[in-house]
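User: Please take a close look at one part of this model, its aromatic rings, and then place them in their surroundings. Short sentences are fine.
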Amino acid sequence: MTTPSPWYKQFWPWFMIGLLFLAIAVSTSFAVLSVRSFDGLVQEDYYEHGRAINMELAKQQRAHELGLAADLRIDPLTSDIVVQLDGEDRPERLYLKMIFPTENDRDQELTLEHVRDGLYLGQAPDNLRYRWYLQLHPSAEQPEWRLVGEAKLPSEESFTMTPRVPARS
């Protein structure tokens with residue numbers, strides 16, 4: 001009769017202990033990752049935020065009433081911004097807000113100057129890449145209207161900005 005070898009010389013106990021330590025290591029790394037990259041999805045002032053969304057929708061409704069639309073082009077080489085604004089309102093300046101979808105520290109606020117007949121010019125930062133949400137409005141503080149759009153940069157194409165008015169049921 002052969003005597004069994006001690007447990008610490010067997011494969012299966014070490015395999016089970018290894019799985020346990022692997023689970024601890026993976027869960028610890030996920031916990032550290034979740035604490036370091038907190039995205040704050042739920043806002044503390046969600047009610048006020050919801051009211052602000054309604055105000056933004058009213059601005060887009062006003063742009064729709066004025067018949068506003070814009071074509072925006074950002075030159076990939078020189079980063080010049082050219083906006084052709086169509087509609088009834090022609091302010092001296094337009095403000096272009098470029099919002100990066102995942103990192104708010106990359107957002108840009110740019111000023112565009114009126115040149116002639118609804119044509120506005122400005123300068124963007126160099127080497128804009130990836131996808132951006134665009135907002136165009138006539139005032140930095142309390143804009144009367146707002147146009148919205150999306151852009152994937154760099155691109156030779158122009159991007160259309162329109163008021164997105166929700167359908168009424």
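How many aromatic pairs does the structure hold?

Analyst: First, the ground rules. This is a predicted model, in which local features need pLDDT of at least 70 and side-chain atom pairs count only at pLDDT 80 or more, while totals for chains, interfaces and linings use all residues. Residues are numbered from 1 along each chain as its sequence is written, and side-chain values use heavy atoms, with hydrogens and water left out.

Now the rings. A pair of aromatic rings is described by the distance of the centres and the angle of the planes. Rings of Phe, Tyr and Trp (its six-membered ring) pair if their centres lie within 6.5 Å; planes under 30 degrees apart are stacked, those over 60 are edge-to-face and the rest are tilted. The structure holds seven such aromatic pairs. One of them joins Trp 7 and Tyr 8, edge-to-face, with 6.0 Å centre to centre and 85° between the planes. Trp 7 is exposed, at 51% relative accessibility. Tyr 8 is partly exposed, at 46%. The cut-offs: buried is under 20% relative accessible area, exposed is over 50%, and partly exposed lies in between (1.4 Å probe, protein chains only).

Trp 7 and Tyr 8 do not stand alone. Ring pairs link them with Trp 14 into a cluster.

Phe 11 belongs to another grouping. Phe 11 lies in helix H1, residues 11-36. Helices (H or I, at least four residues) and strands (E, at least two) are DSSP runs, numbered from the N terminus. Phe 11 counts as exposed because its relative accessibility is 52%. Phe 11 also joins Trp 12, Phe 15, Met 16, Leu 19, Leu 22, Val 26, Phe 30 and Leu 33 in a nonpolar patch on the surface. Together these residues have about 970 Å² of accessible area. Patches are made of residues with over 30% relative accessible area and no salt bridge; like charges are joined within 9 Å, nonpolar side chains (Val, Leu, Ile, Met, Phe, Trp, Tyr) within 5 Å. The areas come from the Shrake-Rupley method with a 1.4 Å probe, and for residues only the protein chains shown count as cover.

Next, the strands. Phe 100 and Tyr 130 form an edge-to-face pair, 6.4 Å centre to centre with 75° between the planes. Phe 100 lies in the loop between strand E3 (93-99) and strand E4 (108-116), and Tyr 130 lies in strand E6 (residues 130-137), so this pair ties together parts that are 30 residues apart in sequence. Phe 100 is buried, with 9% relative accessible area. Tyr 130 is exposed, at 52%. Phe 100 has a charged partner too: the charged end of Arg 106 sits over its ring, 3.9 Å from the centre. That term requires NZ of Lys or CZ of Arg within 6 Å of the ring centre and within 35 degrees of the ring normal.

Strand E6 also carries Arg 131, which forms a salt bridge with Glu 150; their closest N and O atoms are 3.0 Å apart. This pair links distant parts of the chain: Arg 131 in strand E6 and Glu 150 in strand E7, 19 residues apart. Both ends are partly exposed, Glu 150 at 36% and Arg 131 at 39%. Another network joins Arg 62, Glu 65 and Glu 144 through salt bridges that share partners. A salt bridge is a side-chain nitrogen of Lys or Arg within 4 Å of a carboxyl oxygen of Asp or Glu. The whole structure has six salt bridges.

Arg 73 takes part in two of the contacts. Arg 73 meets Asp 75 in a salt bridge at 3.5 Å, N to O, and Glu 156 in another at 3.2 Å. Arg 73 in strand E1 (residues 69-74) and Glu 156 in the loop between strand E7 (147-153) and strand E8 (159-161) are 83 residues apart. Arg 73 is partly exposed, at 27%, whereas Glu 156 is exposed, at 54%.

His 137 is a further residue of strand E6. His 137 is buried, at 6% relative accessibility. Its side chain reaches the backbone oxygen of Ser 139 at 2.9 Å.

Ser 79 is buried as well, at 5%. Ser 79 sits in the loop between E1 and strand E2 (80-86). Its side chain reaches the backbone oxygen of Pro 125 at 3.4 Å.

Finally, the frame. The protein has two helices and eight strands. Along the sequence the pattern is α-α-β-β-β-β-β-β-β-β. Of the 169 residues, 27% are buried.

Notes. A polar contact is a pair of N or O atoms within 3.5 Å; within protein, one must be able to donate a hydrogen and the other to accept it, and residues adjacent in sequence count only if both atoms are side-chain atoms.
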